[in-house]
Amino acid sequence: MKRALIWLPLGLFGVFFAVVAAGLMRPADTTVHSTLVDKPLPVFQLEPMVPGKPGLASGDFKGGKPRLLNVFASWCIPCIAEAPQLMALKARGVPIDAIAIHDKGPAIAAFLRRNGDPYAAIGDDSRSRVQMALGSSGVPETFLIDGRGRIVRQYIGDIRADQVDQIVRDVAAAGAAAR
């Protein structure tokens, strides 16, 4: 019995080492997912960000037709990378609205001139209050909202070309489910 107790600390160290090594070999998913998926949009009302485009409110998403809600900023490099995909989605009939965070109207207007304008409306969320209420952890981030104002899906990071077809299918499925 005494011999077994002598080896106990070494055995405990071995177990501790194995757990730490396993954690280092398989790091945890650090992506922050919104807890609002499958729940209604939080209530919000945002002023327009640029002249000629309306602001945005949660009630705008209850019109019976699914739409994308893109969280972006003019200073965001991945937002520039995703711009062609958003234009492709718009060309395929996907309605897209946006929330601009920590930004100014002239910078957003310049961003849209350079990269294209896929948005029907852009709300000014200069303090990121709506972004945080959505459970968004960064930019860009896109949410699929069904025609009843419920968040159906979250696309974290910039939308890539290989995701466009799937997003079109997701929007169609959200429209069919809302009927």
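# Exercises on a predicted chain

Leaving aside residues up to four places away in sequence, Ile122 touches Glu47, Pro48, Met49, Val50, Lys53, Pro54, Gly55, Phe72, Ala98, Ala100, Ile108 and Leu112. A contact here means heavy atoms within 4.5 Å.

This is a predicted model, where local features need pLDDT of at least 70, side-chain atom pairs count only at pLDDT 80 or more, and totals for chains, interfaces and linings use all residues. Residues are numbered from 1 along each chain as its sequence is written, and side-chain values use heavy atoms, with hydrogens and water left out.

## Exercise 1. The element string

Task: list the elements of the chain from the N terminus on.

Solution.
- Fix the rule. Helices (H or I, at least four residues) and strands (E, at least two) are DSSP runs, numbered from the N terminus.
- Count. The chain has five helices and seven strands.
- Read along the chain. The elements run α-β-β-β-α-β-α-β-α-β-β-α.
- Check the contacts. Of those with a separation of 6 or more, 74% come from residues 24 or more positions apart.

## Exercise 2. The sheet

Task: find the strand order of the open sheet and name its edges.

Solution.
- Set the criterion. Two strands pair if DSSP finds at least two bridges between them.
- Order the strands. The open sheet has five, in the order 5-4-3-6-7, with mixed pairing.
- Find the edges. Strand 5 (122-125) and strand 7 each pair on one side only.
- Get the twist. Neighbouring strands are turned by 20 degrees against each other on average, direction ignored. Axes are lines fitted to C-alpha atoms, for helices over the stretch in contact, and angles run from 0 to 180 degrees between N-to-C directions.
- Take a parallel pair. Strand 3 and strand 4 are joined by five bridges. Here Phe72 stands opposite Ala100 in strand 4.
- Add the helix. Helix 2 packs on the sheet and touches strand 3, strand 4 and strand 6. The direction of helix 2 makes about 165 degrees with that of strand 3.
- Take an antiparallel pair. Strand 6 (residues 141-145) and strand 7 (residues 151-156) pair over five bridges. Phe143 stands opposite Gln154 in strand 7.
- Close the hairpin. Five residues lie between strand 6 and strand 7, and Gly149 takes a positive phi near 85 degrees.

## Exercise 3. The core

Task: identify the residues with the most contacts inside the largest nonpolar core.

Solution.
- Define the set. A nonpolar core joins buried Ala, Val, Leu, Ile, Met, Phe, Trp, Tyr and Cys residues through side-chain atoms within 4.5 Å.
- Define burial. Buried means under 20% relative accessible area, exposed over 50%, partly exposed in between (1.4 Å probe, protein chains only).
- Get the fraction. Of the 179 residues of the chain, 43% count as buried.
- Pick out the core. The largest has 42 residues. Those with the most contacts inside it are Leu68, Leu69, Phe72, Leu89, Ile122 and Leu134.
- Assign elements. Those giving two or more residues to this core include strand 3 (67-72), helix 2, strand 4 and helix 5.

## Exercise 4. Salt bridges

Task: locate the partners of three salt bridges and state how exposed each residue is.

Solution.
- Apply the cut-off. A salt bridge is a side-chain nitrogen of Lys or Arg within 4 Å of a carboxyl oxygen of Asp or Glu. The whole structure has eight.
- Start with Arg150 and Asp38. Their closest N and O atoms are 3.1 Å apart. The two residues are 112 residues apart, Arg150 in the loop between strand 6 and strand 7, Asp38 in the loop between helix 1 (2-25) and strand 1 (45-46). Arg150 is partly exposed at 26%. Asp38 is exposed at 52%.
- Next, Asp165 and Arg92. The N to O distance is 2.5 Å. Asp165 lies in helix 5 (residues 164-178) and Arg92 in the loop between helix 2 (77-91) and strand 4 (96-101), so the pair ties together parts 73 residues apart in sequence. Asp165 is partly exposed at 39%, and Arg92 is partly exposed at 45%.
- Then Arg153 and Asp170. The N to O distance is 3.2 Å. Arg153 lies in strand 7 and Asp170 in helix 5, so this pair ties together parts 17 residues apart in sequence. Arg153 is partly exposed at 37%. Asp170 is buried at 9%.
- Look for a network. Salt bridges that share partners join Asp38, Asp146, Arg148 and Arg150.

## Exercise 5. Backbone outliers

Task: find the cis peptide bond and a positive phi in Asp38.

Solution.
- Read omega. The bond from Val139 to Pro140 is cis, with omega near -10 degrees. Pro140 sits in the loop between helix 4 and strand 6.
- Read phi. Asp38, not a glycine, has a positive phi of about 75 degrees.
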